[in-house]
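The exercises below are meant to be worked through with the sequence and the structure side by side. Try each task first, and then compare your reasoning with the solution that follows it.

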Amino acid sequence: MKIDHTQPLEYSTEQNQLNILGFWIFLGAEIMLFATLFASYFIYENRVGNGPSGGEIFEITPVLIETFVLLTSSFTIGLAINAMRLKRTKAMLVFLGITLLLGLGFLSVEIYEFMHYYHVGATLQTSAFTAILLTTLGTHGAHVTLGLFWGLFIMIQIKRRGLTPATANKSFIFSLYWHFLDVVWIFIFSFIYLKGMM
Amino acid sequence: MKELFPIKQVNGFVFSLLLTIVALSVYFFDMSFQLGMTILLVTAFIQAGVQLIIFMHAGESEDKGTIYTSTIYGVVIALFTVFGSLLAMVWGYM
Amino acid sequence: MEFFERFAVPHPSPLIYASMVAIGLVIIAIIAGVSYFKKWGYLWNEWLTTTDHKRIGIMYIISALLMLFRGGADAVMMRLQTSVPDNTFLDAQHYNEVFTTHGVVMIFFMAMAFVIGLMNFVVPLQIGARDVAFPRLNAISFWLYFAGAMLFNISFVIGGSPDAGWTNYYPLASNDFSTSVGVNYYNWALQISGIGTLMTGINFIATIIKMRAPGMTLMKMPMFTWSALITNAIIVFAFPVLTIAIIMGTLDRQFGTHFFASTNGGMDMMWANLFWVWGHPEVYILILPAFGIYSEIIATFSQRNLYGYKSMVGSMVIISLLSFLVWVHHFFTMGQDALTNSIFSITTMAIAVPTGIKIFNWLLTMWKGKIHFTVPMLYSVAFIPLFTIGGVTGVMLGVASADYQYHNTMFLVAHFHNTIIPGVVFAMLAGLTYWWPKMFGFMLNEKIGKWAFWFLTIGFCFSFFPMYITGLDGQARRMFTYSEATGFGPLNMLSFFGAGLMAIGFVIIVYNIYYSFRYSPRNVGDDPWNARSLEWATHNPVPEYNFAVLPQVESSEAFWDYKKKGHKLFPDSIKKIHMPNNSGLPIIMSGLFFIFGFSFVFYIWAGVIISAIGIFACMAYRSFEKDDGRYISAEEIKETEDKFGGAGQ
């Protein structure tokens, strides 16, 4: 492996640059994945059958908590990458840890939210609207869950191996993933919740 | 300590919080559907741009051309898909 | 025993029992054969765990050929069933299963695999790279495709085939009307192989963008590489749509949601919408690489450079965008208003413009060229008029108001086979013949190849041209039989005759492979066709590192420059080369995916959970694994190069 020291660690080998570019292309695919969900959501939005509509079951408080928690986690992972570029391994691990804790917090609120939907009678089987709502939220939530494990593995590797071109590369790619999930949430927040409660 | 909180990212964070609060106005104030949707569309896409450029460093490497092309291409096709599907399945469906 | 009852075939027939026996015997024969010749180690080390793009490409092509015969057998059965009125060879249910598996196998497991196989083999060579960007991911892509294909193919002996057409429209595909597990198979097989395809897309974009030889700017790439780049871009943006559509279908069938039902707010046409948002770009995923192959072959055998390089590239870029804007033309008759239909009618017809530009470019390449009618060139020359007929009938179908007459008739069937067979299948056969010496170091026999070509082309015309007529007369597609009074009989018999000719053509191709393997001379040199692009600048067969020295490129026809203009292709000296290691992880992970899919099809939750844990364990293992690859030393490379007669040319 040739290491180019003029570049930040995460870009320092050819393979690292390929990995980052490849992940960006993957995010392009993720855009389409969520766009398909949104397209379906908009089409099913008013097709509630005998079930409740969005305005009847959405609650602003958990949604606000989720939004601010995820926004903050997106900020802290940005700080983690900044610390990584300053070679401040410890600070980086702290920021990464905070990010994952915030992610966990987000997930807990989302689970609460799902339980709330269950209690008010909005399950997967209720109507096309509830099904697409839960599928869209669930797909995002599954991404966050996967991200928690992925981030944890990266933290362990940095702890064991230090900041190497490989671990820095993984951390940077993970940060892209996490920011992307935040962007998706912004769209969910705006076009599912706020539009529904407007 | 200061170097751990670069001004660019702090500003980005504050800005994204502001955008969220602006978006929230559609919930707290009574307004027409058109105005509400306009606010949501504007804030959501600016918010996405903030993440992309400030936090995701989309433009920092030599591959930025490819990165922007693939992202913009993805967004354009995503919009075609969303609005085309709405056209076929809702607006134009008799 | 109740547990095992679910695996029974719900609608058995002697044909299916015979297939069961045949499958069992083939598996036993393979295991026995490999054991007898003590080849397990060779198979595992050299093929099953390989990350070499050339070997992965060859495995794709072998699988695609196998699937071609599976799908081809289905096709012959269909034509046999409809060859005479009121035939009882197949009943309605079997006919449904046969046309469903024919479509799915041919599109997903034959054409896609063939296209990706050729891309795998050729693209890194054409751009002067050592491998693809992510060799391990490439192996995972192949094995996921393979797992999906196998999962789909066991459906007809375990639990029952899908029977709702390759388009799998709801409500027909719902539990109410497709009561066997067949559609579950459809969902999981396509989901698993679709993930593999998406990864291929990402892999090849990164490869083509970042790993080109020094001097090869984007506008100096060979045309097949350009087509591969555009194709993979379409893959990346189209396949996620299929992923979501299939998830929704799976939720409907296995978790009781109402996405595509007609109650509780569901909307059955929504499946059609999502399916075709993916499905129409898919058409171009298949045809664009074919265009690329024809461009290479026509330039080579006309002995001149490709006419209109820039317009070729431009038209492909436009096609890639337009391909996402036309999907509604697949259901003009759904009931949307005239304005919506008109919009999609216009975008549909617009696609004919860039395609037409390409046709003229090929014609103008041949104009004043010194044409050599080799087998690949024969396929390419036949492609142009036949594909044009397919394209023109496509524009006819694109006229929304007229489509009410053609919709779901044999006219449509004739149209899309008229684009896919001369377009894609001929291109794959042409490409396979063209690059065969690069893959295996000997050439396929030209004379036998020409026999196969004529059987296929004439057989094609006999099979599908009659369908245009019966379609306009009102014969619906997917009808398992018809009465004598309809008068469709003679033309359908003609179709069956054509299908027979095509079957003979494919058998001749197999014989050709056998014959050439036995008798073809092995000293064909590195450039048997007098070709133009970079893949011919390395040895036959290609050493694992592809190029001992990275080539230096100045035009899209670097090898031609080297041969005719004294361009120095390999200016550097031999240095050590970094190569990826083999890995058993991809095949193990895909095996787990297979178990996951199979368990899900039959609601065996223990299997689902265990295999899911296994898949995540593989991913975790990969995350912690340290694998920096290995180096081939300069001495070793010199030794290999000397065996080929001269280092770096």
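**Exercise 1. Loops of chain C**

In which loop of chain C is C:Pro171 found? Please remember throughout that the model is predicted.

Solution. Begin by placing the residue between its neighbouring elements: C:Pro171 is found in the loop between helix 6 (135-153) and helix 7 (182-210) of chain C. Next, look at the bond that leads into this proline, where C:Tyr170 and C:Pro171 are joined by a cis peptide bond with an omega of about 5°. Then carry out the corresponding step for C:Pro541, which lies in the loop between helix 16 (489-519) and helix 17 (558-564) of chain C. A cis peptide bond joins C:Asn540 to C:Pro541, and omega is about -20° there. Finally, turn to C:Asp86, which is found in the loop between helix 4 (53-81) and helix 5 (92-126) of chain C. Phi of C:Asp86 is near 55°, a positive value in a residue other than glycine.

**Exercise 2. The make-up of chain A**

Describe the secondary structure of chain A, and then set it beside the UniProt annotations.

Solution. Count the elements to begin with: chain A has 6 helices and 0 strands, and along the sequence they give the pattern α-α-α-α-α-α. The C-alpha atoms of chain A, taken along the principal axes, fill a box of roughly 60 × 30 × 25 Å.

Now bring in the record. An unreviewed UniProt entry carries the annotation "domain: Heme-copper oxidase subunit III family profile" for residues 21-197 of chain A, and over these residues the chain is 86% helix and 0% strand. The feature "transmembrane region" is placed by UniProt, again in an unreviewed entry, at residues 21-43, 63-81, 93-112, 132-156 and 176-194 of chain A. Take two of these spans as examples. Residues 63-81 of chain A are 100% helix and 0% strand, with end C-alpha atoms that lie 27 Å apart. Residues 176-194 of chain A are 100% helix and 0% strand, and their end C-alpha atoms are 26 Å apart.

**Exercise 3. Two contacts of chain A**

Work out which parts of chain A touch chain B and which touch chain C, and state the residue classes on each side.

Solution. Start with chain B, where the contact takes 39 residues from chain A and 39 residues from chain B. The elements of chain A that give two or more residues to this side are helix 1, helix 3 (60-85) and helix 6 (165-197), and helix 1 of chain A gives the most, with 14 residues. When the residues on the side of chain A that touches chain B are sorted by class, they divide into 27 nonpolar, 9 polar and 3 charged.

Continue with chain C, where the contact takes 29 residues from chain A and 32 residues from chain C. Here the elements of chain A that give two or more residues are helix 1 (14-44) and helix 5 (128-161), and helix 1 of chain A gives the most to this side, with 15 residues. By class, the side of chain A that touches chain C has 17 nonpolar, 11 polar and 1 charged residues.

**Exercise 4. A helix pair in chain B**

How do helix 1 and helix 2 of chain B pack, and at what angle?

Solution. The first step is to read off the geometry: helix 1 (residues 7-28) and helix 2 (residues 33-55) of chain B pack at an angle of about 165°, with their axes 9 Å apart. Because angles over 145 degrees count as roughly antiparallel, helix 1 of chain B is roughly antiparallel to helix 2 of chain B. The crossing of helix 1 and helix 2 of chain B is left-handed.

The next step is to find the residues that make the contact, among them B:Phe15, B:Leu19 and B:Val22 of helix 1 of chain B and B:Ile39, B:Leu40 and B:Ile46 of helix 2 of chain B. By class, this contact has 11 nonpolar, 7 polar and 1 charged residues.

To finish, consider the division of the chain: chain B is divided into domain 1 (1-56) and domain 2 (61-94), and the C-alpha centres of these two domains of chain B lie 21 Å apart.

Note on methods:
Residues are numbered from 1 along each chain as its sequence is written. Chains are lettered from A and ligands numbered from 1 in the order in which they are written. This is a predicted model: local features need pLDDT of at least 70, side-chain atom pairs count only at pLDDT 80 or more; totals for chains, interfaces and linings use all residues. Two residues are in contact if their C-beta atoms, placed from the backbone, lie within 7 Å. Helices (H or I, at least four residues) and strands (E, at least two) are DSSP runs, numbered from the N terminus. Ala, Val, Leu, Ile, Met, Phe, Trp, Tyr, Cys and Pro count as nonpolar, Asp, Glu, Lys and Arg as charged, and the others, Gly among them, as polar. Axes are lines fitted to C-alpha atoms, for helices over the stretch in contact, and angles run from 0 to 180 degrees between N-to-C directions. Angles under 35 degrees count as roughly parallel, over 145 as roughly antiparallel, 65 to 115 as roughly perpendicular and the rest as oblique. A crossing is left-handed if the near helix is turned anticlockwise from the far one by less than a right angle, and right-handed if clockwise. Domain bounds come from an automatic or database domain assignment. UniProt positions are given in the numbering used here, feature names are shortened, and annotations may be inferred rather than shown by experiment.
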